[in-house]
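Me: Could you take a close look at one part of this structure for me, the aromatic rings and the nonpolar core around them? I'm in my first year, so please keep it informal and walk me through it step by step.

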Amino acid sequence: MIREIKSENILIAMIVSHKFQASGIHFFTPGDFSQQLAYMRHPVGKIIPPHVHNPVKREVQYTQEVLLIKKGKLRVDFYNESQQYLESYILEAGDVILLIAGGHGFEVLEEIEMFEVKQGPYVGDLDKTRFVGIQTEQAQLADDRLLLVNNQ
């Protein structure tokens with residue numbers, strides 16, 4: 001399963017369920033995103049030729065980040081570009097999320113282990129604007145309002 005969270009046709013986040021499976025290489029993101037997210041599944045013996053990545057100058061306007069949940073459960077609260085709350089979603093072990101636009105906040109529901117990947121270099125307080133989010137009891141868990149892109 002791949003779920004897209006949108007606000008007024010702006011893609012806020014993309015969630016790839018731990019249940020997703022496909023053969024070969026499957027890119028979830030379009031080529032113009034500053035953070036690319038793909039899933040790969042190959043059979044034993046598949047050769048991926050050695051390669052180096054060429055220096056290519058890129059301009060990144062906004063930080064996009066990927067979280068891979070290794071263990072536990074995490075509630076993600078989504079906000080639009082105006083910092084207005086949209087909805088929440090619970091991630092569990094094996095899920096991956098690409099945070100693309102808008103805002104987000106988290107509450108750990110079960111002890112969490114996760115990886116975060118984002119563009120650098122990190123510029124400290126200049127990198128983000130913090131704001132007051134919802135309280136736990138205000139969370140509205142997502143349901144069929146999420147766009148189901150691929151039901152695998």
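Reply:

**Setting the scene**

For a chain of 152 residues, a compact globule would have a radius of gyration near 15 Å, and this chain has 17 Å, which agrees. Keep in mind that what you're looking at is a predicted model. Along the principal axes, the C-alpha atoms fill a box of roughly 50 × 35 × 30 Å.

What is the chain built from? You'll find nine strands and zero helices, so to speak a run of β-β-β-β-β-β-β-β-β from the N terminus on. Take the contacts with a separation of 6 or more: 66% of them are between residues 24 or more positions apart. Buried residues make up 32% of the 152. The accessible surface comes to about 10,400 Å², and carbon and sulfur atoms account for 51% of that.

**The rings**

Now for the part you asked about. The structure holds four aromatic pairs. Let's start with Phe20 and Tyr39: their ring centres sit 5.0 Å apart and their planes meet at 85 degrees, and since anything over 60 counts as edge-to-face, that's what this pair is. Phe20 belongs to the loop between β2 (10-16) and β3 (24-27), while Tyr39 is in strand β4 (residues 38-41), so to get from one to the other you travel 19 residues, and the pair links distant parts of the chain.

Are these two residues buried or exposed? Phe20 has a relative accessible area of 3%, which makes it buried, as the limit is under 20%. Tyr39 comes out at 21%, so it counts as partly exposed.

Tyr79 and Tyr85 form another edge-to-face pair, with ring centres 5.7 Å apart and planes at 65 degrees. Tyr79 is buried, at 4% relative accessibility. Back at Phe20, ring pairs join it with Phe28 and Tyr39 into a cluster.

**The core**

Phe20 and Phe28 turn up again in the largest nonpolar core, which has 14 residues. Both are listed among the residues with the most contacts inside it, along with Met14, Val16, Leu37, Leu98 and Ile100. Where do the core residues come from? β2 and β7 (96-99) each supply at least two, and the largest share, three residues, comes from β2.

Met14 is a handy one to click on. Skip its neighbours within four places in sequence, and Met14 is in contact with Ile2, Arg3, Glu4, Phe28, Val96, Ile97, Leu98 and Ile100. Apart from this core lies another, with 13 residues, including Ile5, Ala13, Leu67 and Ile69.

**Outside the core**

For contrast, try the loop between β1 (2-7) and β2, where you'll find Glu8 and also Asn9. Glu8 is exposed, with a relative accessible area of 71%, and Asn9 is exposed too, at 76%. Their backbones are worth a look: Glu8 has a positive phi of about 50 degrees without being a glycine, and Asn9 has one of about 65 degrees, again without being a glycine.

One last stop is the peptide bond from Gly120 to Pro121, which is cis, with omega near -5 degrees. Pro121 sits in the loop between β8 (103-118) and β9 (147-150).

Conventions:
Residues numbered from 1 in each chain as written. Predicted model: local features only at pLDDT ≥ 70, side-chain atom pairs only at ≥ 80, totals over all residues. Heavy atoms only, no water. Phe/Tyr/Trp six-rings, centres within 6.5 Å; stacked < 30°, edge-to-face > 60°. Helix = DSSP H or I, 4+ residues; strand = E, 2+ residues; numbered from the N terminus. Buried < 20%, exposed > 50% of the residue type's maximum accessible area, 1.4 Å probe, protein only. Core = buried A, V, L, I, M, F, W, Y, C linked by side-chain atoms within 4.5 Å. Contact = heavy atoms within 4.5 Å. Rg over C-alpha atoms; globule rule 2.2 N^0.38 Å. Areas by Shrake-Rupley, 256 points an atom, 1.4 Å probe, with all protein chains shown as cover.
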